[in-house]
Structures are given as structure tokens and as C-alpha cells.
Amino acid sequence: MALEFASKREEFTNFKTFEMELAGRPLVVETGKMCGLSNGSCLVRYGETVVLCNVTMSEKPRDGIDFFPLSVDFEEKLYAVGRIPGSFMRREGRPGEKAILTSRVVDRPIRPLFPKTMRNDVCVTMTVMSVDQDCSPEITGMIGTSIALSISDIPWAGPIGGVFMGLVDGKLVVNPTLEQREVSDLQLTVAATEKKIVMIEAGANEVDEVTMLNAIKAAHVEIKKIIEFINGIVAQIGKPKKEFQDMDLDHDLFEEVKAEFLDDFKAAMDTDDKNIRDARLLPIREKLEAKYAEQWGDGTIEELMYKMQKFVVRRWLLDEGKRVDGRGINEIRPLAAEVGLLPRVHGSGMFTRGQTQVLTIATLGSTKDSQLMDDLGTEQYKRYMHHYNFPPYSVGEARAPRSPGRREIGHGALAERALVPVLPSMEEFPYTLRLVSEVLSSNGSTSQASICGSTLALMDAGVPIKAPVAGISCGLITEGDRWMTMLDIQGVEDFHGDMDFKVGGTHKGITAIQMDIKIDGLTYEIIEEAFEKCRKGRLFILDEIMLPVIPAPRAQLSKYAPKMLSMVIPVDKIKDVIGKGGKVIQDICANCNCKIDVEEDGHVFVSAIDIDDANRAIHTIKTIVEDPEVGAIYKGRVTRLMNFGAFVEIAPGKEGLVHISKLDSKRVERVEDVVAVGDELIVMVTEIDQQGRINLSRKDALAAIEAKKAKG
């Protein structure tokens, strides 16, 4: 019996496209065709970059938590750049560092715009499907996320927009191309609502504060156009926002606790020692548990403790200009700097700010030690790596260490970004660099302490950095139209405040910025004040604390660090240096106790613990790639003996004859009486005939050496 099938063609009746021009390139948004089960979805095309953005929300709130459960994922698919993953499984696995950093860049501007009392899970997924290197997938994903949230039924107070700013030949450029980014002095990402700045992240080549603020303002002008575009999309296809269960703390309960326990909380909080504060808060918690836990549960007790501490800290700052540790608003905690703490490492530096303490260790390696990149970018190798570790003991917690999370990766990247502009080039200093910042104690601003500690470690290692870098943070408290900033925030001020504005830089200008906020945005006035306070703070740290300890990079590398030499050889000579099956280069490495890296462009890097070994290897390579000259003296090895003389290899693949009459200054009857196979001989090139055959003389070489000694 014949089977009959019936179907009809899907027409995608809800499919719509929207288009605008962004920095001279088309930005096209497609909705209504893909991912129909998400709360909000869009496919964004920017040039030939394509990112699929989806947002979803759980139907019910999560019980027993006192935070908003948002997850943001930036998924890099290597098919987007026409590559197969390099892992053993040949498929994408855990997100790479760049994907994690992009997730954080998108998370930070959207998180403050969700209702603070909502406890429904919200997931944001940006899937990169095609990459045009001139059109940033990170910015495309940020804009796509804003559109997906705005048109969805998820409660959110957006939209936001985002752009990337460059500084090319002194001129600000919006969303620079790949070619422009490679010569740009600024890599600035800005996200904003129509009225306020909600996220800043930057790396810069010592850019001054005025230029940086102008770049932020220029970015905001472009962002307002993006927001107008998104609002037009929402007007056409936006869904009504869902109602959500408000999980805020019972107001009457909070007022009751405040009336009874406010003085206890003030007394507990009034100290500069985190351990003392925690010890004083413990009996208050026990009283609250005894009185309210049975009725309200442990989650409510946690929230009461948090809100009471927040109330005290904010009231002191806003009403009295008082900080929990008694400092002035613009006063930095006690500081200390040390170098050379670890004898066997290549460089080390420790920076202490109050109860925050970071020890950074610098390690120098050869070019082979550089990190192989397997992401969507154009960079194949990474020469400078900065890793940040945050062990539980640094905050007094009794739990086992774990592998680095997003926070650790983000803080390491911030410190790395701050120091990259002052590093010497590969030609100036042919080393791979790895810095590891170990957080020994944490009470706020560990990322900025790691910048300071890393500068100390680099200088202690003898890395000729162009200028020392320091980092410091500025906090913010707002209430309605009132606001105030304070310098060098500690943990409790970060936790209960509205902003952590982190700035790293040199005497000359800014090298890195990262701004985290918990409110709906910052005005230009707040940003300008934060810049100025951070500028004065970092200059004080550089001049009064760091430079007195080590005023300049050490002139000599550690005796335990590899000594690196480099040279450039003709590309057509690379095969001669490597040899068949790698035999020549392996022999040089074995004989000279060194490592040799040969690049495709002819750059050769030699590393050895002993500088004499590195020099011998360089000399050997030179003899291979350079044609011997008459009068040049070499140390060679005897390869064959004949009745009429000995053949000596002066370089791999280069052999010459020492005639029996030239073996010694006196008459030689038999070759075997003077040399044997394997002996090393000092010889001079006396002739190269028309057929390229080399004639050598031990007799002339010895005479030349004696004459040189006689001259002194």
C-alpha cells in the first residue's frame, strides 16, 4: 500500500529584518525565523560577522538565594573562522579566556538593569557563527544581547548599546578595522544607556585622562544611535514584560532589626581589621538566628546581615563622610613594597595595601614557551601571560582550592592589559614572559595590587619595561541625586558600594581601566572625578612606595634565568640550519646546551642558562649561513684523515682540507702523528677555489693567535 505524506512550506510569517549603519558598516538584525522557543532571540549581522543571541528565563524564582542568578555565555565556534579545533577531540570544549572575558564584558552592563529583587534564572547565550575581523563579534554580541532582552518578555530596564573605540594617529575611531586596531593606541569598550555610562573596559598606550574621557563621550554619541535603533525594533515586535515574584526582604522585619540592632552593627563595623569585624558580627548573627531563623529561615538571616552592614556603611559615607576603617575619603591604606623575596625564581615582587597583599612571580622563557592561541582572533601566539590565583586562605575560608574561575581570569587579564603597553618588543627583549600573581590576603582591590606587584617583579627580573605601572580603585555611593566617591576601597566598601572603578597607569597616562557598577549608570562628572582621584593615587604609589624600593629594572638577569640571543638569517638558509630531519639544529642544541627557535621569517632565538653557551650556538649558526672568508679563524672538528692531510668540518655541512704541510708550524711526517678523527682544531681559511673547495691551515691560525697575544 502506498504511503501518503502531507506538509506545507514554512513561510516564517513573523520574520523581520532591521538595518542601520554603524561606523560605516551595515548592522542587520533578523528576528522571527530562528529559535522560536527562547524568550527573546535575534541574529545580528555586522559586516560579515554573524552572532546568534538568545535569552531565556525560568518560570519560577529559585528558592533560598539572595542574589539574581544571571549567566552570560559567549560561545566561540571555530567554524566561524574556517578552522577545526586543535584539541584531541576536535570539538569546542570549555570556553577559552577570550570568550570568558567577553562574557564578563557583556554581563557587567546588563546585570545592573535587571530588577534587584528578581530571583528567576536568566541565561544569555551569544553564539558566534561567522567572523569578519573588521567587525568585532564582541560588540555584535553585546548589541544582539541588548536587542534580545529588549524584545523579550523578561523584565529588564534596557536597552544598552556598545562600541569599541580606537585612537589612530591621534584621532578617535569608532569600531576600528583590524588594520586600525593593530596601530591603535587605545582599545576601549564602552556600554551605555541613553543617559548614562554603564561599562568601561580599556587597554591603552599611556593615554591621558582628558583623551580617555573624550573617547568615552564620543562612544556615547554613537551608542545613542544604537539605542534609538533598538527602541524602534521594540516598538514593532517587543513583548509585554512578565510579572515576577518580588523576593525583597520584608520591610517591617528590616525596620524591626534596625531599631534593635543598629548600634550593635555600628560597633562591629567600626574597625580597619576584617578579622575583628567578622568576629564582632558573629554574636549578632547568633542573636538574629535565635530570634528569627525558625520563622524566616537561614536565607533571611543572611540577607538581614548583608542589608544591615550595607545600611551602616552607606549612611556613614553619605551623612558623615566616615569610612569603616577611619580613613579620610581620599586616603590610601598603609602601603608596602618588596622585591627579591624568592631566591630561585627569575623575579619577584610583593605589594601590600592594608590587608590586601599580592606576591607576583616573573618567569622568563624562550619563544617556544609562548602560548598557542586557539580562538577566533588573529593572534596565533601569546608572548606575555599573566595568571592570577585567589586561594581560599586569602579571605580566611576553610575550603580546598579550585581551578581558576571567571573572576580569576578577568583579574589576570586586567593586570596583563595594564602592563602590555610598557613591555619591550621581542626584538629588544627576546623572551616569553609569564607572571603569576598569588593573592596572599584579600580585603579589596587585589587586581590593582597585582598590577603593582607585577611591575616590581618585572623590574626585579631585569625586564627593561618602558615605565613602571601602578593601579588603584575608586568607589562610589549614590542616593537619588546625591553621590560621593572615595579612593582605595576595601572589601566592605566594594561589597556595599555602587562602583569599583579600577585604573592602572604610568606617570604619563592610563594603560588599563575596568569599571564595575551596581547602579543604572554613571554621569561624565562622576567618571571625571574618578579619573582624577585614581591619577593622584597611582602617582603617589609610584613615587612614594614602589620606586624607592627599585628605581629601575635590574641591569642583569637572574643567574637562573635563561640568557637569550637572537639573529636574523636568510630564509633560504633555514633548511641548512635545521638540517635533514632536524639533525643539524639538534646537534647544535646538544653541543651548546641550549634551545634554538627558528621562525619562518628567518628570526633565530637561542636561549641557554650560560651566556657562553648561547654565544657558541650563535657563532655556529653564523658559520652555517655565512660563506667562509679568507683569513677567518674557526674551531672545527676532524672528520677524515688522508695521507695528504685532514678534512675538518668548520660548520655543519661545511668542510675544508688542512694539507699535511699546514698541520703544524714544524714538519709533519704523518697526519696521524698530529691529529685523529674527532679532534677539535683551530684553523684559518686560506683559500676558496673556483669550485667552492675550502683550504684550511692550522699553521697560519696558530701564528695569527700568537701574534695577537704578542700585541697584548
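**Exercise 1.** Classify Cys35 in this predicted model as buried, partly exposed or exposed.

Solution. The relative accessibility of Cys35 is 32%. Buried requires under 20% and exposed over 50%. Cys35 therefore counts as partly exposed. As to its setting, Cys35 sits in the loop between strand E2 (25-31) and strand E3 (40-46). Its phi is positive, about 55°, although Cys35 is not a glycine.

**Exercise 2.** Do the same for Glu206, and state where it is found.

Solution. Glu206 is found in strand E10 (residues 197-207). Its phi is positive, about 55°, and Glu206 is not a glycine. The relative accessible area of Glu206 is 19%. The cut-off for buried is under 20%, so Glu206 is buried.

**Exercise 3.** Determine how helix H13 (residues 583-592) is oriented against helix H14 (residues 611-625), and describe the contact.

Solution. The two axes come within 9 Å and cross at roughly 150°. Angles over 145 degrees count as roughly antiparallel, so H13 is roughly antiparallel to H14. The crossing of H13 past H14 is right-handed. H13 contributes Val584, Ile588, Asn591 and Cys592, while H14 contributes Asp613, Arg616, Ala617, Thr620, Ile621 and Ile624. By class, these contact residues are six nonpolar, two polar and two charged.

**Exercise 4.** Which residues of the largest nonpolar core touch the most other members, and which helix gives the most to this core?

Solution. The core has 130 residues, of which Phe114, Leu188, Met212, Phe351, Phe501, Leu522 and Phe531 touch the most other members. Helix H4 (residues 209-237) gives the most, with 11 residues. Apart from this core lies another, of 29 residues, including Leu281 and Met305.

Note on methods:
Residues are numbered from 1 along each chain as its sequence is written. This is a predicted model: local features need pLDDT of at least 70, side-chain atom pairs count only at pLDDT 80 or more; totals for chains, interfaces and linings use all residues. Side-chain values use heavy atoms; hydrogens and water are left out. Axes are lines fitted to C-alpha atoms, for helices over the stretch in contact, and angles run from 0 to 180 degrees between N-to-C directions. Helices (H or I, at least four residues) and strands (E, at least two) are DSSP runs, numbered from the N terminus. Angles under 35 degrees count as roughly parallel, over 145 as roughly antiparallel, 65 to 115 as roughly perpendicular and the rest as oblique. A crossing is left-handed if the near helix is turned anticlockwise from the far one by less than a right angle, and right-handed if clockwise. Contact means heavy atoms within 4.5 Å. Ala, Val, Leu, Ile, Met, Phe, Trp, Tyr, Cys and Pro count as nonpolar, Asp, Glu, Lys and Arg as charged, and the others, Gly among them, as polar. A nonpolar core is a set of buried Ala, Val, Leu, Ile, Met, Phe, Trp, Tyr and Cys residues joined through side-chain atoms within 4.5 Å. Buried means under 20% relative accessible area, exposed over 50%, partly exposed in between (1.4 Å probe, protein chains only).
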